[in-house]
Every structure is written in C-alpha cells, then in structure tokens.
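I opened the notebook for a fresh look at this structure. Here is what I looked up, in the order I went.

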Amino acid sequence: KNIWPDGDLNFVSETRATELQISTVVDFRSVALMATITILFVTLMGLIGYINDEMQRRSKEIAIRKVNGAEASSILLLLSKDIFWTAVCIGTLGAWYLGALWTDQFSETAEFPIYYYILIAFVSLLFIIGCVVIKTWRIANDNPVNSIKSE
C-alpha cells in the first residue's frame, strides 16, 4: 500500500501471464492468415483475368505458331514464363527480405530457413502453372483457323 496506494495487487499464475502476453501475437497471426487467404484468392482472380486478356490479345500469334508447328506445351510456356519471373522469383525474394526486416524487431526469433521460402515458391508456381494450363489449354489445342477467322 505504501508503494502503490492507488493500485491493487493481483496475483496471476505464470501460465495465465504467458497467455496474456502472447494473446496479441496469436490475434495478429490469425488476422495475417485471413489476410493471406484473401490476398491469395484476389491474386488468383487477377491471374485468371490476366491470362484471359493475354489469350485474347495474342490469339493471332498463338494461331500462327500452331500453324507453323508449335506444340501445346510451347504455347503454355510462352504464356507462363512472364508470370513465373514476376510472381515467383521477385515475390519470393521480396517475402524473404521483408520477413527478415519484420523479425529483426523482436529480441527472440525463430529461424525460418531459405528452403521454406523455396518450398512456398514451388507451391505458388504449381498454383500459377495450374491456372495457366487450365485457362490456356483450350486455345492451345483449338483449331488455329478459328482464331484467325474471328479477327
């Protein structure tokens, strides 16, 4: 009472004190997870829109390549290589750098090795290739005359 005349002395177990300390981190983690899922869906919708736009814009080029003997795999590679470099390589390096900046502000941190980032980049690449293949398979295997005739 002499030290803190206006305050009350409350005793809390160590487990409860630890839970109170980490509750904000758990809340932040939950919000970040929900934001990540939302961003993933928005990004996939943007990717599908981009692929549709590229297919419309390059339909003559794809048709001419098909007439000249290009296979469906080369057309899929043609449409996906730009996405690969921007989304996977630059995105992975950016995530690694920003993650390192964010964890530097804590006194104790858990290690997040670079191969985790590579694994996440590989999974992202599978998502991207899956979207590209699904959206471009029709135009890659379509009769090139139909694309040229509609122009």
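**Entry 1: before the helix**

Where is phenylalanine 11 found? I placed phenylalanine 11 in the segment before H1. A reminder to myself: this is a predicted model, and every value below is computed from it.

I then asked whether phenylalanine 11 is buried or exposed. Its relative accessible area is 77%, and exposed means over 50%, so I noted phenylalanine 11 as exposed.

I also took a distance from here to tyrosine 115. The two residues are 104 apart along the chain, and their C-alpha atoms are separated by 44 Å.

**Entry 2: a pair in H1**

Next I went through the salt bridges. How many does the structure hold? I found five salt bridges.

I looked up arginine 16, which pairs with glutamate 19. The closest N and O atoms of this pair are 3.6 Å apart. Both residues lie in helix H1, with their positions three residues apart, or about one turn of the helix.

For accessibility, I noted 42% for arginine 16 and 41% for glutamate 19. Buried is under 20% and exposed is over 50%, so arginine 16 counts as partly exposed, and glutamate 19 also counts as partly exposed.

**Entry 3: around glutamate 54**

Which residue forms a salt bridge with glutamate 54 at 2.8 Å? I found arginine 57, that value being the distance of the closest N and O atoms. Glutamate 54 and arginine 57 are about one helical turn apart, because they sit three residues apart in helix H1.

The two ends of this bridge fall in separate accessibility classes in my notes. Glutamate 54 has a relative accessible area of 9% and is buried, whereas arginine 57, at 56%, counts as exposed.

Glutamate 54 also meets arginine 58 in a salt bridge, at 3.3 Å from N to O. Here I wrote "buried" for both arginine 58 and glutamate 54. Following the shared partners, I could join Glu54, Arg57, Arg58, Glu61 and Arg65 into one network of salt bridges.

**Entry 4: the largest pocket**

I turned to empty space next. Rolling a probe the size of a water molecule over the atoms shows where empty space is left.

What volume does the largest pocket have? I noted about 1,600 Å³. The lining has 39 residues, and the closest to the centre of the pocket are Thr36, Ala95, Phe112, Tyr117 and Ile120.

Which helices each supply at least two residues of this lining? My list has H1 (14–57), H3 (72–103) and H4 (114–141). H3 gives the largest share, 13 residues.

I sorted the lining by class as well: 25 residues are nonpolar, 10 are polar and four are charged.

**Entry 5: a nonpolar patch**

Last, I checked the surface for nonpolar side chains. I found a patch with about 1,200 Å² of accessible area together. Among its members are Leu93, Trp96, Tyr97, Leu98 and Leu101, and the patch also includes Phe112, Ile114, Tyr115, Tyr116, Ile118 and Ile120. H3 and H4 each supply at least two residues of this patch.

I picked tyrosine 97 for a closer look and found it in helix H3. Tyrosine 97 has a relative accessible area of 49%. Exposed needs over 50%, so tyrosine 97 goes down as partly exposed.

Two names turned up in both of my last entries: Phe112 and Ile120 are listed by the pocket centre and again in the nonpolar patch.

Definitions and conventions. Residues are numbered from 1 along each chain as its sequence is written. This is a predicted model: local features need pLDDT of at least 70, side-chain atom pairs count only at pLDDT 80 or more; totals for chains, interfaces and linings use all residues. Side-chain values use heavy atoms; hydrogens and water are left out. On a 1 Å grid over the protein atoms alone, a cavity is a set of points where a 1.4 Å probe fits but cannot get out, and a pocket is an open set with protein on both sides within 12 Å along at least five of seven lines; lining residues have an atom within 4 Å of a point. Grid points are joined across faces, edges and corners, and a volume is the space filled by probe spheres set on the points. Helices (H or I, at least four residues) and strands (E, at least two) are DSSP runs, numbered from the N terminus. Ala, Val, Leu, Ile, Met, Phe, Trp, Tyr, Cys and Pro count as nonpolar, Asp, Glu, Lys and Arg as charged, and the others, Gly among them, as polar. Patches are made of residues with over 30% relative accessible area and no salt bridge: like charges are joined within 9 Å, nonpolar side chains (Val, Leu, Ile, Met, Phe, Trp, Tyr) within 5 Å. Accessible areas come from the Shrake-Rupley method with a 1.4 Å probe; for residues, only the protein chains shown count as cover. A salt bridge is a side-chain nitrogen of Lys or Arg within 4 Å of a carboxyl oxygen of Asp or Glu. Buried means under 20% relative accessible area, exposed over 50%, partly exposed in between (1.4 Å probe, protein chains only).
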